[in-house]
Amino acid sequence: MSRLVFIAPLILFAVVAAYFAIGLTKNASILPSALIDKPVPTFDLPPLKDTKPGLATADLKDDVVLVNMFASWCVPCRAEHPLLMQLARDKIVPIIGLNWKDRKSDAIAWLDELGDPYARIGHDPSGRTGIDWGVYGVPETYLIDRDGRIRFKYVGPMFPETFAEKFLPLIKDLRK
Amino acid sequence: MIAEIGHFSLILALAVALVQAVLPMVGAARNNAAWMATAAPTALVQLACIATAFGCLMTAFVTSDFTVANVMQNSNSLQPMIYKVSATWGNHEGSMVLWVLILAVFGAMVAAFGRNLPPSLKARVLSVQSMTGVGFLLFILLTSNPFERVIPAPLDGRDLNPLLQDPGLAFHPPMLYVGYVGFSMAFSFAIAALIEGKVDAAWARWVRPWTLVAWSFLTAGIGLGAWWAYYELGWGGWWYWDPVENASFMPWLVGTALLHSSIIVEKRDALKTWTILLAILTFSLSLIGTFLVRSGVLTSVHAFATDPERGVFILLLLVVAIGGSLVLYAWRAPLLKGGGLFAPISREGALVLNNLLLTTAAATVFIGTLYPLFLEAFDGGKVSVGPPFFNATFVPLMIPLVLALGVGPMLGWKRGDLAGAIARLKFAFVFTLVVTIVAAYLSWGRSIFGVLGLTLAGWLAGCVLTEFGARIGLFRMEIRDVLRRMTGLPRGAWGMTIAHLGFAITVAGASGASLWQDEVIENLRAGETLSIVGYDFTLRNVDTVQGPNYTAQRGVFTVRRDGVVITTLAPERRRYIVTGTETTEAALYSQWHADLYAVIGQGGGQDGGKESWTVRLYFKPLVPWLWAGTLLMVFGGFVSLSDRRLRIGAPTARRAAHPVSPTVQPAE
Amino acid sequence: MNARLTVIIVMFSLLWAGNSPAVQPDERLSDPTLEERARELSKDIRCLVCQNQSIDDSSAELARDLRILVRERLTAGDSNQQIFDFLVARYGDFVLLKPPMQASTYALWFGPLVVFVLALAGLFVFFYRRMQANAAQPDVVALTSKERARLSALLDDDEKGRP
């Protein structure tokens, strides 16, 4: 019995060290989404451009789509834009845009400069709809299934490798 | 060239450290006097090498040598000289060099001043100290080399993080590290004792000064950090239960327990295995803290640039150092024979209660800090554990601690008379009542928990004063005799009295600062006045001023009370040129009982044609007591350290053979 | 690695906004009781783009948005718990600085108590063992009444003047 008392600190430390080891494999700053497998929140956003429709809850049904949160003042959004353009060109998956906390004129100018991969764009200047989605920064990308449920959220700019690794398998799965 | 010398010095230090780690330890096992004697000189050489490396790094900063990557990332030609100097340790790589430097300083000090240590113990202690050094030198050389060059050299550097360009924060790391890293010596002594298989009063006497030094500096370092947060971060908070703050607080809690339990080992030859465990745990918590801050497993305002590879290395260090020492403990600690008996109600019993509460408090902070990590490892979701949790769990533990702290010193050794002790604390009861009434009156309408805090502080202060008075025979003897007893008191007794009094004042300060503050926020135009708690702040004007590496908006306030001008306050909002970062510099006016705190926010608002600025005023009662109390605690630690008995060293073998009786040894 | 670094940079750019106190005069509600409640609630809500600050303390944009949101819902009549639930539905438990009391956090909330009880139990065992060992000691010769008197005199002296 008394031997146990002397070994206890060692055992406790072993447990703590194991947790540290696991912790090193995780990223502490990424916040997982609270809305996974839940239906898309109820919202209705006006269009950003006159030439393209806005975005509302009803538009996110019947197809597997990506919803991409972006803003003209966001530097990493610029970095991921070529991938979005390519996805749109190759018609891999429809991309919907949500312009977050941005001025209309700035966003339109940004899209004119870099290209517009979005089938629809909702304009959310106040950021309230973003809050309903659990957005806390840009860029963020959500994968929506046919029933209008959020199935996956990616925080940060997307690159071809991340897309291939994390999104493609899911998209294929959801399309079956 | 200088950078290469620095780099080479570190490599040399590693080589010497390896020798120092192996030779004396083997020598002690084989009773080889020559090999044991290598401990001291190698410790001194190791210090020389690391000091050289540190000097080279500092030289690179002072001369703004931007070919050195570290200097380029953390300095700038426009930066004031004092911050070029402090930038040496204001980054990950440089601070690690400071880490091993302090490790080497402690080793060298034991080498130089540990003359009355038995050779085998000294050899083992320095060997263990050096093993830690080897681990961290390897870490620096393999993953965090501060002397890497960047070719081609940029024209100028990236500037030190503006938040760090501040006098308080310049000194916070060195002090903190002397504390943090200083507990390595208690650790080394503990390991050496386990290897020897012997812990006695002499050992406790030898460990005490090193523990006191580390504890005093850690107290100062934490206080400095809190003070900096208070005046720099702009909302007057001083403790946020941030993971990195907790990482320094846990060793402090356990270190305080260690300080107190080593007294029992010394005086009563009891609680040996517990004290050894505490010594191991204190430094282990320092190591874990180093891991938390630099590995990226936790989010924190303080975290250095995170890199999982470094995290893996430090984790390995942890496993070897902590795991190894706990294995040794499990194996050898049962051999340590316990000594003196004592009743639950006694001075020892009170110290044991103190230990119980402090370690539970440390465990609480540990659980709260690491819980998000534990939960995530299980994929159990992500939670935040913030101040509300710690306030609900940590603070209640402090209440019995403060109560017991008052009564404990009044109890006798081995068998105490609780009723008698409480009877002798009549003055303390009266004092507490008076303090409570005054506090309730002055703080009418504010949180009643603040009054509770002041009641506790008053209790402790009353008890400390009563104990001191009893010890010097106040009101019992002639004034002449009282004064004689006072000057004849051992420094250790003075230290205890001062430190405990400091703690009481800190508790009072913490209560007032957390619970009783007032705040007003308003948009002001030039010429307008805003009032808080009877103080009138008139905004005279807002100027644009130019600093060495920043431009600032400075608001000038005239502060009046009852129409009389008290002071002028000039808070600023700065924008640093290189990084574009903005900081607020609050303006403080400290009185003995409270602080006035003014912050100027964004301008640019238009109000009836004139520009307006957001002004925040705070009235913060008892905040100065936080700093005063902490300073007293640190001072008390140093006073204790200056006790002659610690310098003379432990009693010789001949005298130690005699049983210790209360009349021979002055109680403490 | 690239992605993660950029996220950190994004986070950082939002963080540096956050080192100054936060509630702007124009955010405040006109009803002082509601405003007080708003401040208290804000202190328990995490700023998600800062490192360890509440939305009350941070001047990040998202913090401001959330502060305004809290005040709107307060004015609409929501209870404190409803406001917390609203935010947790969107951001998860992470957004609360006071961890909720639920199955996944029992270990957190009860942990300190468990430690305390275990330590106290350990203490009792320690004293019990000691008393056992003491009782098992060889017979102690009883003191004479003179010795007893002398002993108590010494002990009294010890406790009064020289603690």
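User: In this predicted model, which helices flank the loop that holds Phe475(B)?

Analyst: Phe475(B) catches the eye with a positive phi of about 65°, although it is not a glycine. Its loop in chain B runs between helix H18 (448-472) and helix H19 (479-488).

User: Is Phe475(B) buried or exposed?

Analyst: Count the other C-beta atoms within 10 Å of Phe475(B) and you get 10. The cut-off for this class is 12 or fewer, so Phe475(B) is exposed.

User: And Ser64(B), which also has a positive phi: where does Ser64(B) lie, and how is it classed, buried, exposed or partly exposed?

Analyst: Phi of Ser64(B) is near 50°, again a positive value in a residue other than glycine. The residue lies in the loop between helix H3 (39-62) and helix H4 (69-74) of chain B. With 18 other C-beta atoms within 10 Å, Ser64(B) is partly exposed.

User: Is Phe147(B) buried or exposed?

Analyst: Phe147(B) belongs to the loop between H7 and H8 of chain B. There are 25 other C-beta atoms within 10 Å of Phe147(B), and 20 or more is what it takes for this class. So Phe147(B) is buried.

User: Which residues is Phe147(B) in contact with, leaving aside its neighbours within four places in sequence?

Analyst: For a feel of the sequence jumps here, take Asn70(B): it is 77 residues from Phe147(B) in sequence, yet their C-alpha atoms are 7.0 Å apart in space. Contacts go by C-beta atoms within 7 Å. With the sequence neighbours set aside, the partners of Phe147(B) are Ala3(B), Gly6(B), His7(B) and Val68(B).

User: Which residues does a cis peptide bond join in chain B, and which in chain A?

Analyst: In chain B, a bond with omega of about 0° links Ile151(B) to Pro152(B), and Pro152(B) sits in the loop between helix H7 (119-143) and helix H8 (167-196). In chain A, Pro139(A) is placed in the loop between helix H4 (128-133) and E6. The cis bond there, omega also about 0°, joins Val138(A) and Pro139(A).

User: What is the strand order of the open sheet in chain A?

Analyst: The sheet has 5 strands with mixed pairing. On average, neighbouring strands are turned by 20° against each other, direction ignored. Reading across, the order is E5-E4-E3-E6-E7.

User: Which strands of that sheet stand at the edges?

Analyst: Look for strands with a single partner strand, so that one side is left without a neighbour in the sheet. In chain A these are strand E5 (120-124) and strand E7 (150-155).

User: Which residues stand opposite Leu66(A) in E4(A) and in E6(A)?

Analyst: E3(A) runs parallel to E4(A), joined by 5 bridges. Strand E3 (residues 65-70) and strand E6 (residues 140-144) of chain A pair in the antiparallel sense, over 5 bridges. Leu66(A) faces Ile95(A) in E4(A), and in E6(A) the opposite residue is Leu143(A).

User: How many residues of strand E4 (residues 95-100) of chain A are buried?

Analyst: One way from E4(A) point Ile95(A), Gly97(A) and Asn99(A), the other way Ile96(A), Leu98(A) and Trp100(A), and all are buried. The strand is mostly covered, with a buried count of 6 of its 6 residues.

User: What handedness does the β-α-β crossover from E4(A) to E5(A) have?

Analyst: E4(A) and E5(A) pair in the parallel sense over 5 bridges, with Trp100(A) opposite Asp124(A) in E5(A). The chain gets across through helix H3 (residues 104-114) of chain A. Next door, E3(A), helix H2 (residues 75-89) and E4(A) make a right-handed β-α-β unit. The crossover from E4(A) to E5(A) is likewise right-handed.

User: Which helix of chain B gives the largest share of the side that touches chain A?

Analyst: The contact involves 26 residues of chain B and 18 residues of chain A. Helix H11 (272-295), helix H12 (308-332) and helix H13 (347-377) of chain B each supply at least two residues of that side. By class, it has 19 nonpolar, 5 polar and 2 charged residues. The largest share, 12 residues, comes from H12(B).

Key. Residues are numbered from 1 along each chain as its sequence is written. Chains are lettered from A and ligands numbered from 1 in the order in which they are written. This is a predicted model: local features need pLDDT of at least 70, side-chain atom pairs count only at pLDDT 80 or more; totals for chains, interfaces and linings use all residues. Two residues are in contact if their C-beta atoms, placed from the backbone, lie within 7 Å. Helices (H or I, at least four residues) and strands (E, at least two) are DSSP runs, numbered from the N terminus. Ala, Val, Leu, Ile, Met, Phe, Trp, Tyr, Cys and Pro count as nonpolar, Asp, Glu, Lys and Arg as charged, and the others, Gly among them, as polar. Two strands pair if DSSP finds at least two bridges between them. Axes are lines fitted to C-alpha atoms, for helices over the stretch in contact, and angles run from 0 to 180 degrees between N-to-C directions. A crossover is right-handed if, with the strands pointing away from the viewer, the path from the first strand over the helix to the second runs clockwise.
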